[in-house]
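Trainee: I am new to this model and would be grateful for a close look at a single part of it. Please begin with the aromatic pairs and then continue to whatever adjoins them.

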Amino acid sequence: MINKFFMIFRKISRRTVLIFSILLISIGILALFLSNYYNPFPSKKKVVVINLNSMISYDNIDINKLISILKDQKYDGIIFKIDSPGGDLSILRIVEYAKNISKPSVCYIDGQATSAAYWLCSQTNYIIARKDSIVGNIGAYAIIITYVDLLKKLGINVTIFKATPHKTIGAPLEYLTDEEKSFLNYTVTYLGNQFIRDVLSKRNIKNESFALSGYWFIADFAKELNLIDSIGEFEDAKKVMANMLNTTVDNIEFYEINLKKERTIFDYLSFSLLKNLMLNPYEIKIIL
């Protein structure tokens, strides 16, 4: 009798274990299936905030780090927080990568985004500016300073030997020829036109002849010309990004990245100005 009871109990136990195991496996499969469509505890979105608050150049900004961030795109969205008067030719490289950002992008103008800074800003999906910001100044220019007459008055004679006729173009120690002036004007115009083409490829600018003439505009005017999308504070920029990601601001982790290069006292006490004027006089600065 006892043996018979144990045999029945063992059969029931095996059946119970089997049913329980099948039930657990079924629940696991169902949970895995549902997790692909619904997650009650979703992970937060990652948005990087790039702070650009100086001239955009290799001297002031860690350009290589910026390019790496734009290239890798290891984030769900990106906000450019800009307070910059412009930059130099390094913006050409930056803009090429900015054009290929596949994630939602916002530009928040925190004071000014003019010239090269606006060029970068124009390539984002949405532009919002603080009310007291200035925007625009689209175009390019180069300044050549010549010291020939001053040196003559000081009784200083300069002799330059060069292997090719235009090797010293832009040197402050000799006059520009008409041909060199035409060449520099062509180069600056070419860069300015490239700037304008990129802006028009992203923005439906109103009153183009005025908006693209090189003027800078306060935020209200910039909005009227469609150079920006709205006026607001940084919190509003965060909300715009949240809407783009179809989530809430609370469900986003914002990672601020400062790319400004720190300068030491030695940098400020160096004779960089003297080097630029005398030891390396042929470097032409084209400002964007």
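Mentor: Rings of Phe, Tyr and Trp, the last represented by its six-membered ring, count as a pair if their centres lie within 6.5 Å. Planes under 30 degrees apart are called stacked, those over 60 edge-to-face, and the rest tilted. Please bear in mind that this is a predicted model. By that criterion, the structure holds four aromatic pairs.

One of these pairs consists of Tyr108 and Phe234, with 5.5 Å from centre to centre and 55 degrees between the planes. An angle between 30 and 60 degrees belongs to neither of the outer classes, and the pair is accordingly tilted. Tyr108 belongs to strand β3, whereas Phe234 belongs to helix α9 (residues 234–244); the two residues are 126 residues apart, and their pair links distant parts of the chain. Both Tyr108 and Phe234 are buried.

A second tilted pair is formed by Phe210 and Tyr215, whose ring centres are 5.6 Å apart and whose planes meet at 55 degrees. These two residues, together with Phe217, make up one aromatic cluster. Phe210 is partly exposed, because its relative accessible area of 36% falls between the limits of 20% and 50%.

Let us return to the Tyr108 and Phe234 pair and follow the helix on one side of it. Besides Phe234, the buried residues of α9 are Ala237, Lys238, Val240, Met241 and Ala242. The elements that cover the buried residues of α9 include β1 (45–52), β2 (77–84), β3, β4 and β9 (252–258). Just after α9, Asn246 adopts a positive phi of about 55 degrees.

On the other side of the pair stands strand β3, which comprises residues 105–114. Strand β3 pairs in the parallel sense with β4 (residues 126–129), and four bridges hold the two together. Within this pairing, Ile109 of β3 has Ala129 of β4 as its bridge partner. Between the two strands the chain passes through helix α4 (residues 116–121), and the resulting β-α-β crossover is right-handed. Strand β4 is in turn joined to β8 (residues 230–231) by two bridges, and these strands also run parallel. Ala129 appears once more here, since its bridge partner in β8 is Ile231.

The crossover region also contains a covalent link. The structure holds one disulfide, formed by Cys107 and Cys121, whose sulfur atoms are 1.7 Å apart. Cys107 lies in strand β3 and Cys121 in helix α4, 14 residues apart, so that distant parts of the chain are linked. The torsion about the S-S bond is about -100 degrees, and the disulfide is therefore left-handed. Both cysteines are buried.

Helix α4 has a further role in the picture, as it is among the elements that cover the buried residues of α6, together with α3 (90–98), β6 (141–142) and β10 (286–287). The buried residues of α6 include Leu184, Val188, Leu191, Phe195 and Val199. Helix α6 covers residues 178–202; at 1.5 Å a residue, its 25 residues should span 36 Å, and the end C-alpha atoms are 37 Å apart, which agrees.

Technical notes:
Residues are numbered from 1 along each chain as its sequence is written. This is a predicted model: local features need pLDDT of at least 70, side-chain atom pairs count only at pLDDT 80 or more; totals for chains, interfaces and linings use all residues. Side-chain values use heavy atoms; hydrogens and water are left out. Two strands pair if DSSP finds at least two bridges between them. A crossover is right-handed if, with the strands pointing away from the viewer, the path from the first strand over the helix to the second runs clockwise. The expected span of a helix is 1.5 Å times one less than its number of residues. Buried means under 20% relative accessible area, exposed over 50%, partly exposed in between (1.4 Å probe, protein chains only). Contact means heavy atoms within 4.5 Å. A disulfide is a pair of cysteine sulfur atoms within 2.5 Å.
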